[in-house]
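Work through the exercises below with the sequence and the model in view. Try each task before reading its solution.

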Amino acid sequence: MKSIFLRSLLFISICFIHTYKAQSVNDYITFYNGVVPKLNTIASNKTQFYGQNFSQFHNELLSKNINIIGLSYDSKTDTGIKYYILRLFFCDSNMDKPALDNKYQIPWITITFQDEIPPQIKSMVLQHHGMWNNSFAQFFSNMKIEKIKFVGVNGYNSKDWSAK
């Protein structure tokens with residue numbers, strides 16, 4: 001009797017894990033197919049934001065109901081100590097896990113600014129754990145955009161990882 005109970009429990013657990021994983025993958029695909037077409041409409045006209053304040057680009061994202069979830073910053077070169085690059089992410093770590101597990105593309109935007117990002121970006125990102133909020137929108141609002149790259153927008157299961 002105990003053996004039947006344990007086998008049943010194991011079977012139910014396996015079914016639950018499989019269902020949960022399938023739901024997570026489906027949730028990711030739904031997310032991807034919802035956000036990427038909006039990103040691609042902006043990508044096709046990205047040069048209109050070159051030389052403009054970040055606030056204009058941010059307003060365009062908001063007008064398309066594209067929510068920024070996280071951010072990171074970087075230098076222009078591997079050995080650089082000044083930060084010019086902002087990366088914007090649209091899904092949280094719970095959502096991107098199924099994507100990573102299945103080698104799906106994850107959409108993000110890389111923005112290079114004309115001028116250096118002020119050094120307080122380090123403490124802000126640490127304070128907010130890399131999560132986007134209105135403080136960041138205000139912080140970047142008057143920074144001029146040099147170029148924009150859209151990454152991971154060629155189809156969730158595409159092998160083409162080139163940026164637009």
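**Exercise 1. Lay out the sheet.** In what order do the four strands of the open sheet run, and which are the edge strands?

*Solution.* Step 1: the order is β1-β2-β3-β4, with antiparallel pairing. Strands here are DSSP E runs of at least two residues, helices are H or I runs of at least four, and both are numbered from the N terminus. Two strands pair if DSSP finds at least two bridges between them.
Step 2: β1 (70–75) and β4 each pair on one side only, which makes them the edge strands.
Step 3: from one strand to the next, the twist averages 20°.

This is a predicted model: local features need pLDDT of at least 70, side-chain atom pairs count only at pLDDT 80 or more, and totals for chains, interfaces and linings use all residues. Residues are numbered from 1 along each chain as its sequence is written, and side-chain values use heavy atoms, leaving out hydrogens and water.

**Exercise 2. Zoom in on β3 and β4.** How many bridges join them, and which residue of β4 stands opposite Ile109?

*Solution.* Step 1: β3 and β4 pair in the antiparallel sense over six bridges.
Step 2: opposite Ile109 stands Phe150 of β4.
Step 3: add the helix on the sheet. α2 touches β2, β3 and β4; contact means heavy atoms within 4.5 Å. The direction of α2 makes about 165° with that of β3. Axes are lines fitted to C-alpha atoms, for helices over the stretch in contact, and angles run from 0 to 180 degrees between N-to-C directions.

**Exercise 3. Find the core.** Which residues have the most contacts inside the largest nonpolar core?

*Solution.* Step 1: the core has 43 residues. It is a set of buried Ala, Val, Leu, Ile, Met, Phe, Trp, Tyr and Cys residues joined through side-chain atoms within 4.5 Å. Buried means under 20% relative accessible area, exposed over 50%, partly exposed in between (1.4 Å probe, protein chains only).
Step 2: Phe57, Leu88, Ile109, Ile111 and Phe140 have the most contacts inside it.
Step 3: α1 gives the most, with ten residues.
Step 4: check Leu88. Its contacts include Phe57, Ile109 and Ile111.

**Exercise 4. Read helix α3 (residues 93–101).** Which residues are buried, and which exposed ones lie on the face turned away?

*Solution.* Step 1: Asp96, Pro98 and Ala99 are buried. They share one side of α3, because they cover an arc of only 150° around the axis, taken from the directions from the helix axis to the C-beta atoms.
Step 2: the face turned away from the buried side carries exposed Ser93, Asn94 and Leu100.
Step 3: just after α3, Lys103 takes a positive phi of about 60°.

Notes. Lists of a residue's contacts leave out its neighbours within four places in sequence.
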